[in-house]
Structures are given as C-alpha cells and as structure tokens.
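I opened this model to take notes on its sheets, its helices and one buried residue. The entries follow in the order I looked things up.

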Amino acid sequence: MSENNLKKAQSLQEVALFCEKLREIELLAPAGNLSIAKAAISCGADAVYMGGPQFGARYKAGNSWQDLQQAVQYAHVYGAKMYLTLNTVLFDAELPQALDMAQRAYDIGIDALIIQDLGLLACDLPPIALHASTQCHIDSIDKAQFLASVGFKRLILARELSVNQVSKIAHSMEAEVETFIHGALCVSYSGQCYLSCDMQGRSGNRGECAQACRLPYTLENASGKILCRDKYLLSMKDLNASLWLLQLMQAGVKSFKIEGRLKDEVYVKNVVSFYRQKIDDLLCEKIDYKRASDGNTFFYFEPNIEKSFHREYTDLFLDEQRKELVCLQTPKAVGECVGEVESVLSDSYGSVLVVKANKTMQAGDGLFYMKENGESDGFGLNKVEKGLSITRLYTPKRVSIDRGTILYRNEDREFEKKVRGEITKRKIPINMVFGFLQKEECYFLQVQDERGLQAKFIFDFGEKKYEIALDTNTAKEHFEKQMSKMGNTFYELYKLESRVEKFPFIPISEQNAARRAVLEKLTEKRIKYFTPVDVPYTDLTHMDKQGNQELKVLDYRANITNNKAEEFYRLHGMKSVEKGFELLSKEQQKGKVLMVCKHCIKYQMKRCPKYFSPDVDFEQPLFISYKRNKFALHFDCAHCRMEIYRNTNV
C-alpha cells in the first residue's frame, strides 16, 4: 500500500479493504532450522521453506516434525506461510514414507509441498497445495501449462530465464510463478545435473550433491594442448537480482525466493532484511501491489549483502545478455573491498601490513586476496592500528603479499556480532476497545487486527465489581499506558478507544492479565484463520491423454525413478519412458549428457566465435579434467548451450 494512501486511512479496517484489491508479493526465505525460520519471519519474510526429516534437496537441512509444527504456527501468526521441501526423486520403496510425510505436513498445517517427483501425483496425496520445484526445470510455456494442468498451484521457474521469458510463462496460465532472486547458482539446468552422481555416486536429484562444479578443472583440446590449468571453470557466481525486482513484479512473479537452506542465521537475517526493505520501498511507490503477510518490521541493523557470504555477483540472463558467469580463480566468498596493500613487514611471528584502507577494520576480521599466480589466500587480523592516511594490520601468521594487492573482507566480526545479537521485531498493528456491557454489568477489552479478526476479554475476576476511580482521567491514562506495553508479543497498539464515561479503578495486575489473555485469544484466532484450506483433488484418470507434444518420448532427464512416476507419464500419453540416471547401469550411463549449461567456457575465455575472434585451439572437441576424471565438452552454439559428457575414451 502506498504511503500516501496509508496516511489517509482512518482505521485498520480501511487499510484492509484497500489492500484486498492489490496483488500480493511474497518474499520467500530459506530456513535450515526452527531458529532460522523464526528469525527470517521476524525480519520480514512472507514465507519460509524448510526440509523435513527426509527427501529434501539439501539432505543436511532436515528438521523434526515438532520443530516444523512450531515454525508453521509462528508463521501463521503473521499470516506468513511455511512450505515443506519434498523435492528429491524417490525410489519405489520410499514412496510410502514420502506419502506419510505429505500427510503429516497436511495435518500440522503446512501450506504447500515443494516436489520434483511427479510420481507423487499418481499417489493418494492429501489435499495440500503443490509447488513444482525448480528441479523440474520449467523453462517453456508448454511445460509450465502442462504442470499447471495437473494440479500445481505454483511453478518455480528455471533460473536461466530472462524477464521477458518469465513474463510470457506467467501470463500464459493461472498458476503462481516463483523465481530465485539471490544466492548460489547451479551451473547446470536444475534437475539436469548428473556430474556429482557420475563422479562420486552422490545424486543432486537425491539431495546429495557433492558440488563437483566447485572443483578446479584443467581445459585442453583434442591435440592435448593445455588451454588453462586448475581453474574453476564451472563455479558459478552468485545471483543478485535486487535491481530487477520491479521488472519481475510487473512480469507476473508472485514469489521472490532466496537460496540458502544451508546458510546460517546471520546470513538469512541480513539477506532477508535487505530484500524486505527493497520490496517495501517498491510497494510504497506502486499502489497495485501489497506484501503477502502482516506486520511491520523494525530493524536494529543496516542490512548489507556485501557483508554476507557471497561469490562475485551476477544477474544471470535477466537482461538476455551474454556475460562471464564463473569465478575462475576461486569458488570461495570474496567479500567487500577494504583497501590496497602499500607495504609488508614480516618477522617469525607474523606480518604487519601497511594498507591504504577504505573501510574500518578490527581484530577478528577475515581478509581475502588473490595472488599474482591466480591462487587465492586469506588471513585473520590480530590487531588493527588506524592512522591518518594508512592502517596497520597485524596478522597471526607470516603473509607473502605484493604491494598493490587488493584486500577483501569476507568476515566482518562487528557486523556479524550486531546481526546475531540484535532482535529484529515484527509487530502486527491492532485496535483496542475498552467498554462496558450494560446487560452483563461488566467491563470488556476487545482487540481487532487489520484482517478484521477479533478477540474479547471480560473483566470477571471473581465476579468483582470495579469502583469508579477518584481521578478518572488519571486512571484512564494509566490504563492506556499499561495496554500499550506489548513487550515481546506479536503486536503493537495502533489505536485505543475508551467507551466508558467514567473510568474504573482496575489493579495493574488485572490489567496485565486482561491484556495477555485477549492477545493470546487473538493469536489463536490468527493461527486458525491462516490454516490452509483443502486443495481440490486432481483426478488424473480424466486428464487429456494426448498430453504435451514435447513429452511424447522421455529420456533419463525426466528423472523417473519409480513406477508411479512412469504411470503418471503414461497416463499423459508418453510412448517411451526411460529410467532415471540413478537407476541406469554404468554401461547405460555411458554417453549420457551429465550437464546442460547456459554458461559457456568458450565465452568465458573470450573464444566464442559468435562474439569474439575464432581461435583454432578452441575448436571442438574440448575436454576438462579433474584428477582421473575427464569430460568432453560439446557446444550447441545455435542455442547458446554447453553440454558435458563423461569421456569414455580414457
């Protein structure tokens, strides 16, 4: 809601009536555990996504059902939502357990399941909303419409799409659209990466990715000429779409997703707070949109995404432009630039760096730098002495570093301490009425939120009768002051109305008890109000069996690892269905594409013939290798794609 319209509104009810006509924009945050989920919501997230005990695409980010239920209730107080990641492919023996998880998720009020395995749609699922995972690789209108037609409420689109492509998909159907806006990127199309499974037997589609893309590879041509050695040829930069939020909103995106269920609480609080402020600024300017949950967030730190773990940032292909997408020198976090080395003095105990600094540093900070040979290194600070024009940095170990080296801070101790220690508050505004019921001859306290939900408390402490105060004005002032003390509750007082002519004397303890009781009742009502409604069941047996023409023949990249998934696709007219990569024998896996990437090594190294001068050394075939693993590269220049295969000739 725009700030001007908000100021004109005379009550919370007017605010609510105005907002009913607006389109919701959701900020969706990752949560590795209950504590992080609460922190994300307190910092303004409209929804969080969490893993359950099993079958999440981040197998290290599992949670107990007790914690999940607490997260659901905490989210629903604010009108926020909680989604469960059930987004791995499943084997036949695992389907009963996965269905049990789906049922338990429904029972505790989880708002939606994020799934990849379409075999679940051929099972007896509870009436819970379904979101199609980004692992489904939704990159076309046909695929999006197909998934929407079989019952998905929301589609999480492929990250490689431009704003224009997102818009075309979003406006082609009624299903909601979700896009990633921040965090780590997969170099391969999501759901289409088998490199980890090939190299270490750990399937990314099973939540066990070994991050083979973050390893150093050597590039050579067919003649055996080394074109570069031990570079991070597949290690993608991190996504930062903060400058594209308005365009994505206008393209029809409902939910903005932050990656990072393995990130810590400081990271999540900082990044969520940053995007909350960015989105709120846009909502104040654009009267067609509103945030997807309730409450006002009060920040006690200035969010800065440069201070949280990140590689170099990219906006990927949102603008449809080709660009360099990987960090060749390091897969690690670089951080913010803090200065340039002027000189170094070393002894047997450590080094003293004389630095021309542009940021204030302190002991405990972690610094990062690149060597002339392309290798990266870092060190912590024992002591910092700031002078008029230079800063002296004392290190606990000897550092070999050249004059002119740029220093980056990838660990800001003071900032992390502040973010970790401060409690960001999120408050739901309420109206409060104090009055007298003539028929019952008793006083009451009633509260109402902007949704119109109400709770009432009757002052009947032992059926006592309250005497009129000797000084009713003073009694009223004290009462209003006491009622405004919301403390660590979910609420803030927007307006208090007194409907009694002469104010009674009510002991402070009873005023406090009344306030606590009425707010507890309101909280219970809000949790119940935001419990998700049942989703109508989609009867697959009556679907159009002609199906999607693109999907008549399915190979291993459809990730079919159970009989129910095969049954689902055959119901939709698929004539040929290949088993998923994880079920193929080593012999069957030979020759399979292990990665399909929009990232292109030729373009990265300025050897792409479409954009740069051709280089005979970079003509196909090219190979990358890591230790005993060697892979062949194929370049589909017509579609600007790079494919990676296991080299079977070695």
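**Entry 1: the seven-stranded sheet.** I started with an open, antiparallel sheet in this predicted model. I read its seven strands in the order E18-E17-E21-E15-E16-E20-E19. The edges are strand E18 (376–380) and strand E19 (383–386), and each of them pairs on one side only. I took the average turn between neighbouring strands, ignoring direction, and got 35°. Then I checked one pairing at the edge. E19 runs antiparallel to strand E20 (residues 391–395), and four bridges join them. Lys 383 sits opposite Tyr 394 of E20.

**Entry 2: the six-stranded sheet.** Next I traced an open sheet with the order E9-E8-E29-E30-E31-E28. The pairing here is antiparallel. Which strands stand at the edges? I found strand E9 (226–231) and strand E28 (593–597) there. Each has a single partner strand, so one side of each lacks a neighbour in the sheet. The neighbouring strands are turned by 25° on average, direction ignored. Inside this sheet I looked at strand E29 (residues 622–626) and strand E30 (residues 629–636), which pair antiparallel over five bridges. Ile 624 has Phe 631 of E30 as its bridge partner.

**Entry 3: Ile 601.** Ile 624 came up again when I turned to Ile 601, since the two are in contact. I located Ile 601 in helix H16 (residues 601–604). Is Ile 601 buried or exposed? Its relative accessibility is 1%, so it counts as buried; the cut-off for that is under 20%. I listed its contacts, leaving out neighbours within four places in sequence. They are Leu 219, Leu 233, Leu 234, Ile 624, Leu 633, Phe 635 and Met 642. I also took a distance to Gly 380, which lies 221 residues away along the chain. The C-alpha atoms of Ile 601 and Gly 380 are 34 Å apart.

**Entry 4: strand E5 and its partners.** I moved on to parallel pairing. Strand E5 covers residues 129–132. Ala 129 and His 131 point one way, while Leu 130 and Ala 132 point the other way. I noted every one of these four as buried. The pattern is what I look for in a regular strand, where side chains alternate between the two faces of the sheet. Strand E4 (residues 112–115) runs parallel to E5, with four bridges between them. Leu 113 stands opposite Leu 130 of E5. E5 also pairs with strand E6 (residues 154–156), again in the parallel sense, over two bridges. His 131 has Arg 154 of E6 as its bridge partner. The chain gets from E5 to E6 through helix H6 (residues 141–149), and I recorded this β-α-β crossover as right-handed.

**Entry 5: strand E11.** What covers the faces was my question for strand E11 (residues 255–258), and I found both faces covered. Ser 255 and Lys 257 lie on one side and Phe 256 and Ile 258 on the other; all are buried. I then looked for partners. Strand E1 (residues 23–30) pairs with E11 in the parallel sense over three bridges. There, Leu 27 is bridged to Phe 256. Strand E7 (residues 176–183) is also parallel to E11, over four bridges. Phe 180 stands opposite Lys 257.

**Entry 6: helices.** I checked helix H3 (residues 34–42) for burial. Seven of its nine residues are buried, so the rest of the structure largely encloses H3. The buried ones are Leu 34, Ile 36, Ala 37, Ala 39, Ala 40, Ile 41 and Ser 42. Their cover includes E1, strand E2 (47–51), helix H4 (65–77), H10, strand E13 (296–298) and strand E22 (425–437).

H10 led me to a helix pair. The axes of helix H10 (residues 265–285) and helix H11 (residues 413–421) come within 9 Å and cross at roughly 85°. That makes H10 roughly perpendicular to H11. On the H10 side, Val 266, Lys 269 and Asn 270 make the contact. H11 contributes Phe 415, Glu 416, Val 419 and Arg 420.

**Entry 7: confidence.** Last, I looked at pLDDT. The protein chain averages 91, and 93% of the residues score at least 70. Over residues 1–9 the pLDDT is below 50, and this stretch has 20 contacts beyond near neighbours in sequence. Residues 545–549 also stay under 50, with ten contacts beyond four places in sequence.

Notes
Residues are numbered from 1 along each chain as its sequence is written. This is a predicted model: local features need pLDDT of at least 70, side-chain atom pairs count only at pLDDT 80 or more; totals for chains, interfaces and linings use all residues. Side-chain values use heavy atoms; hydrogens and water are left out. pLDDT is the predictor's confidence in each residue, from 0 to 100. Contact means heavy atoms within 4.5 Å. Buried means under 20% relative accessible area, exposed over 50%, partly exposed in between (1.4 Å probe, protein chains only). Two strands pair if DSSP finds at least two bridges between them. A crossover is right-handed if, with the strands pointing away from the viewer, the path from the first strand over the helix to the second runs clockwise. Axes are lines fitted to C-alpha atoms, for helices over the stretch in contact, and angles run from 0 to 180 degrees between N-to-C directions. Angles under 35 degrees count as roughly parallel, over 145 as roughly antiparallel, 65 to 115 as roughly perpendicular and the rest as oblique.
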